[in-house]
Amino acid sequence: MKKLFAKAFLGLCALGTSTVAFAQDAADAATAVEGGMYQALKTKFIEGGADFMSLVAIALIFGLAFCLERIIYLNLAETNSSKLLKGIEDALDKGDVEGAKAIARDTRGPIASIAYQGLMRIDQGIDVVEKSIVSYGGVQGGLLGKTNMSWITLFIAMAPSLGFLGTVVGMIMAFDKIEQVGDISPTVVAGGMKVALITTIFGLIVALILQVFYNYILAKIEALTSEMEDSSISLLDMVIKYDLKYKK
């Protein structure tokens, strides 16, 4: 019995040792593959040529910069609208219009700015308040959606265009070599064709990366716009209640 346990224990130890060794080998292989992929991308980027590949890289850098600016701006524009509207509602219930204005003025974001513009005209009637909210809401919506978004779409379109331009140049290089050598062998054509394909691939990769960020930004803009609309309707309801209570 003891010998059986001893054999089983030795077998488990051997299995554990082999498992650890296998895991270490797998980790080393993954690291090697990752390093190999990075090195391959770097090599292909250099082989694509410094002229067009540098332009594609610049398009990626500027595109990501504009995407990052929009993401930061939209994150800063987010507001706890429920807390803001609750504070305004409590102040208006007490008849404290100045207190409601102070809450809106001291809160960051487009929703608070729209609320403040509406509260500034609360003594001029519901129609004036509604027009003010609608007008200023359109301004804030334009700031969310239009600023710098056109630049992002520009770089999304520019990246593959530069890649295709590199493709055309690479084909021209290939035909020039064919004309110089007087032969259409694969060795002569390969250099120009490789440059053409590499620039196209990297241009499409850059466009795909920027497109993902662009769609993310659009989703955030839509969410903020919907929240602004809901908050504007709630604010109008509060103003109506205030008028019925204090302006009889």
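Visitor: Hi! How much space lies in the largest cavity?
Guide: Welcome! In this predicted model, the largest cavity holds about 50 Å³ of space.

Visitor: And how many cavities of 30 Å³ or more does the structure hold?
Guide: Just one cavity of 30 Å³ or more turns up in the structure.

Visitor: Which residues line the largest cavity?
Guide: The lining is made up of Leu-85, Ile-111, Ile-114 and Ala-115, together with Met-228, Ser-231, Ser-232 and Leu-235.

Visitor: What classes do the lining residues fall into?
Guide: Six of the lining residues are nonpolar and two are polar, while no charged residues appear there.

Visitor: OK, which helix gives the most to that lining?
Guide: That would be α8, with four residues. Two elements, α5 (110–120) and α8 (186–246), each supply at least two residues of the lining.

Visitor: Tell me about α5, then. Is α5 mostly covered or mostly uncovered?
Guide: Mostly covered: of the eleven residues in α5, eight are buried.

Visitor: Which ones are buried?
Guide: In α5, the buried residues are Pro-110, Ile-111, Ala-112, Ile-114, Ala-115, Gln-117, Gly-118 and Leu-119. Among them, Ile-111, Ile-114 and Ala-115 also line the largest cavity.

Visitor: New topic: what pLDDT does the chain average?
Guide: The chain averages a pLDDT of 75, and 69% of the residues score at least 70.

Visitor: Where is the pLDDT below 50?
Guide: Residues 1–35 are a stretch with pLDDT below 50. In the model, this stretch has zero contacts beyond near neighbours in sequence.

How values were computed. Residues are numbered from 1 along each chain as its sequence is written. This is a predicted model: local features need pLDDT of at least 70, side-chain atom pairs count only at pLDDT 80 or more; totals for chains, interfaces and linings use all residues. Side-chain values use heavy atoms; hydrogens and water are left out. On a 1 Å grid over the protein atoms alone, a cavity is a set of points where a 1.4 Å probe fits but cannot get out, and a pocket is an open set with protein on both sides within 12 Å along at least five of seven lines; lining residues have an atom within 4 Å of a point. Grid points are joined across faces, edges and corners, and a volume is the space filled by probe spheres set on the points. Ala, Val, Leu, Ile, Met, Phe, Trp, Tyr, Cys and Pro count as nonpolar, Asp, Glu, Lys and Arg as charged, and the others, Gly among them, as polar. pLDDT is the predictor's confidence in each residue, from 0 to 100. Contact means heavy atoms within 4.5 Å. Buried means under 20% relative accessible area, exposed over 50%, partly exposed in between (1.4 Å probe, protein chains only).
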